[in-house]
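Good morning, and thank you for joining this session. I should like to take you through one structure, beginning with the whole chain and ending with a single residue.

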Amino acid sequence: MGVSPARRLQTRALPHPLALGIAVVVAAALVGCDARRQSVPPSSASAAPSAAATPPGSRPPSTPRPSGAAVDLDLGRLGITLEPLANVPGPALAMAAPDDGTGRLFVATQDGFIFVVQADGRVLERPMADLRGRITSGGEQGLLGIAVDADFATNQRVVVDYTNRDGDTVVESYTIDPNDPNRLQDNPTPILFVDQPFANHNGGAVAFGPDGMLYVSLGDGGGGGDPHGNGQRLDTHLAKILRVDIDAPADGRAYGIPGDNPYANGGGLPEIWLTGLRNPWRLSFDRRTGDLWIGDVGQGAWEEVDIAPQGVGGLNFGWRVMEGAHCYQVDPCNQDGLTLPVSEYGRDQGCTVIGGNVYRGSAFPFLVGAYLFADYCTGHIFAIDSRVRELTAPTVVGNGSNRIAAWGEDAAGELFVLALDGTVSRVVASER
């Protein structure tokens, strides 16, 4: 893309100012890295601060998980089916829902559109936004994430994450057109820019936490086996979950640094909240507990689900020392200071984890407290009890499309699943 790998490792904040072919490319890209990508030589990380070092601030000791499993969720009797609600014209990759009484869903497609899906399933013909002129789409690139602001009722703000024409990550915010509640004004505010050294492992999820902060997921930059060692570096935003305050811009940035970020006072980049992640494709907050759930796509053997308890930053989820709960090509494999996943599955169950949500709706009381997620390749729908904090195997509770790309939650806490054929489906639960 005309930019050297060395420069692309630099990350900076910006100042204020369908086809079947696509689906096939995404399928190949999300699964892992081919031999060509694996052959990319790693760059030296000898001068980079290490994520294994103890940061200043609020970092807890390793694996800070309370013991004790929940006992009143019978996952073995749980059945999940998907009830089609709507079909948008494009590969659906992310959704958000404003808490404004309309029941609308905002659905983002990989090729750059945002569509409004009404509560009755009707898709408005005119897109909410058309970002095709800004993005690169295909493989793991495109319009990857969307979130409505925690204070949407007041500020009418929508945040998106996409790969730009050069393949780099851009996060920016838009506001609703005051003359049309189903349109975004075409005057975005840039928030963050991240150089991407390769075309894969972009992460792409954005979400507002219960603290009102914006959380941004970024993969390790791509290539096979994290060739630049970004998972354990603290001088890059890659392989991280970032946490910023876009209501308090400061120091020439379009955001402020929360004072309780683990590196707010040094030792690493101040935006970093969590580290040691390979490709955190989807994340979500439990609306009851505030815990952050992350589906981290594995390299070649293990898919994992991670939890960061509410308000706990500085956790290191281990990549590339670990893949899931297993050592990854490191000898000796030092797990000191690492937080292991709460669940994992191997290649016998699938190839790409699609992180979901903890169910907190009212339609299915027997489902409350279950964390649901899926696998892209097999279509398996998994569940674990959200109160379990030690490593636990997931339970297969249903089967959906083998092109599930994302989950979403509406304002009432009901869940939806998005697929690359554009289908938006309601999650329906039953007791077997």
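The surface that the chain exposes comes to about 15600 Å², and carbon and sulfur atoms supply 51% of that area. Please keep in mind that this is a predicted model. Of the 432 residues in the chain, 60% are buried. The chain contains four helices and 28 strands.

Let us turn to the pockets. The largest pocket has a volume of about 890 Å³. It is lined by 38 residues, and the closest to its centre are Ala97, Val148, Ala207, Phe208 and Glu409.

Which elements supply at least two residues each to this lining? They are the strands β3 (92-96), β7 (143-148), β12 (206-208), β16 (280-285), β22 (353-358) and β26 (404-409), together with the helix α4 (152-155). The largest share, five residues, comes from β7. As for the classes of residue, the lining holds 23 nonpolar, eight charged and seven polar residues.

I close with one residue, Asn164, which is found in the loop between β8 (157-163) and β9 (169-177). Is Asn164 buried or exposed? Its relative accessible area is 12%, and therefore Asn164 counts as buried, the cut-off being under 20%. The side chain of Asn164 reaches the backbone nitrogen of Asp166 at 2.9 Å. Leaving aside neighbours within four places in sequence, Asn164 is in contact with Arg134, Ile135, Thr136, Val170 and Phe193.

Thank you for your attention.

Methods: Residues numbered from 1 in each chain as written. Predicted model: local features only at pLDDT ≥ 70, side-chain atom pairs only at ≥ 80, totals over all residues. Heavy atoms only, no water. 1 Å grid on protein atoms, 1.4 Å probe; cavity = no way out; pocket = protein on both sides within 12 Å on 5 of 7 lines; lining within 4 Å. Points joined across faces, edges and corners; volume = space filled by probe spheres on them. Nonpolar A, V, L, I, M, F, W, Y, C, P; charged D, E, K, R; others polar. Buried < 20%, exposed > 50% of the residue type's maximum accessible area, 1.4 Å probe, protein only. Areas by Shrake-Rupley, 256 points an atom, 1.4 Å probe, with all protein chains shown as cover. Polar contact = N/O pair within 3.5 Å; in protein donor to acceptor, adjacent residues only side chain to side chain. Contact = heavy atoms within 4.5 Å.
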